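Q: I have a model open and do not know how to read its features. Can we go through some of them one by one?

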Amino acid sequence: MSTSIEAFQTMVNERNPRFFDPVPFVQKDIDRIYNQEQVTVGMPMGAEIILNALSREHTVAIVGAQLGDEGKGRIVDNKLEQILSIPGMQMAYVVRFQGGSNAGHTVYTPEGRKIPLHQVPSSINEDRAVGIMDSGMVVHMEDLKTEIEDGEAIVGDLRNRLYLSEEAKLVTDLERAEEVINRFKSSGKSGGGTGRGISPTYANDLSRLGTHVKDLMAENWREVYAARYDRYAKEFAVHNYDIATMQVPDLRETRDQKKAVTRNLGSKEEFLDRLDGVRGWYIERDATQPDKPSMIQNTFLMHQEMYNNLNAGVLFEGAQAVGLHHAIGRLPDVTSSDTSINGIAAGTKLWKAQDIREKIGVMKLTYMSSVGSVHMATDLMLPRKAITDESGLTGAQKFGAWVREEAHEYGTTTGRPRDICLLDLEMMRYNIRMGGIEMLAGTHLDIAREDMPIKVCTHYVDSTGQRVAYQPGVEHQENLTPMYEDLPGWDGAAAQKARTFDELPDNAKKFLAFVQAQTSTPITAVTNGPHRDQLVDIPRWELPPKQFQGTDRTL
Ligand code: IMP
């Protein structure tokens, strides 16, 4: 046991040297893994002792370690299944603590039916799971109604399995229109938001100008929102916008037509009637079971109970990613919330990061994807439309074009092609450190080919060849050159068949060992396809691990 702890300490101790100067480790890791065949992946056994002493058992936080769309929803779904299978475990909670309908999470039912989720937590596959949309979220009640109706059509009744904090920040069509005005006010520089009203709602909350779910459910709601409409109408008129004809997203139509569809915000009466309709829907829904708690709750009180019920697992589901964090993301095109594990504190008002046993960052393994207005340093700069002619593309771009089709890298809601970037380990090290991430779950291990190397960026240099550290903000990525290593690819179809680590193709194992070494962070699970069972859980290893030889314990 003591040697396991020693290995864990080595890993932790090497985190900072690798973070502040990764260059000496690149060839060392390649040599150790690819030449000496020392392939170490996963968490050492003794590490648990340290983690367990500090945290509440059966707690997991899952956040994006890159730029969003890493596959968090299905990792939550997999973790949930695992937690519920622990003997004696009665139920589990899945808590969304930030973001809103800007998120797009996809989970599949055991029968393979796809469920696209935006505001509802990825808990809905499990009867014994309860989803909580907590106070840190920004919630649009009409979109939520659509999502609940769609979800119930697939998984059945969600009453008593889904709760919404009365203190969640309310997004209405006014905040969505405000996002349009902000874009205009900043001459388009305010960033390529999703148009779902996320940034104005968080900004209004900080300025104490926002409203909350409980304001809509209060008796005097009509007065409050009528006054709000009048105020917004005046402000919009200053910029020559007529509030009634301003365009806001229509999620139901967007979903049906697979492209962004908008509608008029409408007159004051129309705006209030819409709110009245949706408000009434929630009230009636509660009225169908008067003896049960309302869906709209004081979730703070629920957390108190949850913490102390050790027969319940608790999963915290992040939206977006550390790379989109309002302060430490790829500014200026970021979202407006704390997307890191530290965001759980403000988003739940009760849990702190140290309470949580498994702090998982989700990453795409063989590439990264990005949406938005900016390009990252390792972006392959593929056209932002479907590629019909590959003749002018470089080798790496051909890999990217193949990835886009193979992994279907098109937006869940709008069908827009995503930008494809090469894996950026330099950014990953930063996001792991600052995002509070302690282990990694890798997705898309099947997106690889034997005939194409996988290019990964290990660090950046300036024009004199000096290493430049990743600094959040795309302006800091200008004039630097990403340094790449070509790592051998593998047969994606063979990787897809594996259900255990041993069954993975050799080069896939080595690739994982390299990513683990370079990030000093254990990879504890990988997925090799979109469905629930396409998961390889990497077992804890006892020293000396099976594949581990020699005296170099560097992870
Ligand atoms: P906002 O969150 O709507 O303000 O959008 C800010 C930026 O974050 C935009 O570039 C969005 O495309 C991006 N973004 C927001 N949510 C997600 C997500 O769930 N996945 C990927 N990108 C996202």
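Q: Which backbone atom lies 2.7 Å from a polar atom of the side chain of T378?
A: A polar contact is a pair of N or O atoms within 3.5 Å. In this predicted model, the partner of the T378 side chain is the backbone oxygen of L422, at 2.7 Å.

Q: Where in the chain is T378 placed?
A: T378 sits in a loop, with β14 (368–370) on one side and α14 (395–406) on the other.

Q: Is T378 buried or exposed?
A: Buried means under 20% relative accessible area. T378 has 1% relative accessibility, so T378 counts as buried.

Q: Which residues is T378 in contact with, leaving aside neighbours within four places in sequence?
A: They are M368, C421, L422, D424, C457, P482 and Y484. One of them, L422, also supplies the backbone oxygen described above.

Q: Which residues come nearest to the ligand?
A: There are 18 residues around the ligand, and the nearest are N102, G192, T194, D333 and T335. A polar side-chain atom of N102 is 2.8 Å from a ligand oxygen atom. For T194 the distance from such a side-chain atom to an oxygen atom of the ligand is 2.5 Å, and for T335 it is 2.6 Å.

Q: How much of the ligand does the protein bury?
A: The ligand taken alone exposes 470 Å², and the protein buries 96% of that.

Q: How do the residues of the shell around the ligand divide?
A: The shell holds 9 polar, 6 nonpolar and 3 charged residues.

Technical notes:
Residues numbered from 1 in each chain as written. Predicted model: local features only at pLDDT ≥ 70, side-chain atom pairs only at ≥ 80, totals over all residues. Heavy atoms only, no water. Helix = DSSP H or I, 4+ residues; strand = E, 2+ residues; numbered from the N terminus. Buried < 20%, exposed > 50% of the residue type's maximum accessible area, 1.4 Å probe, protein only. Polar contact = N/O pair within 3.5 Å; in protein donor to acceptor, adjacent residues only side chain to side chain. Contact = heavy atoms within 4.5 Å. Near = heavy atom within 4 Å. Areas by Shrake-Rupley, 256 points an atom, 1.4 Å probe, with all protein chains shown as cover. Nonpolar A, V, L, I, M, F, W, Y, C, P; charged D, E, K, R; others polar.
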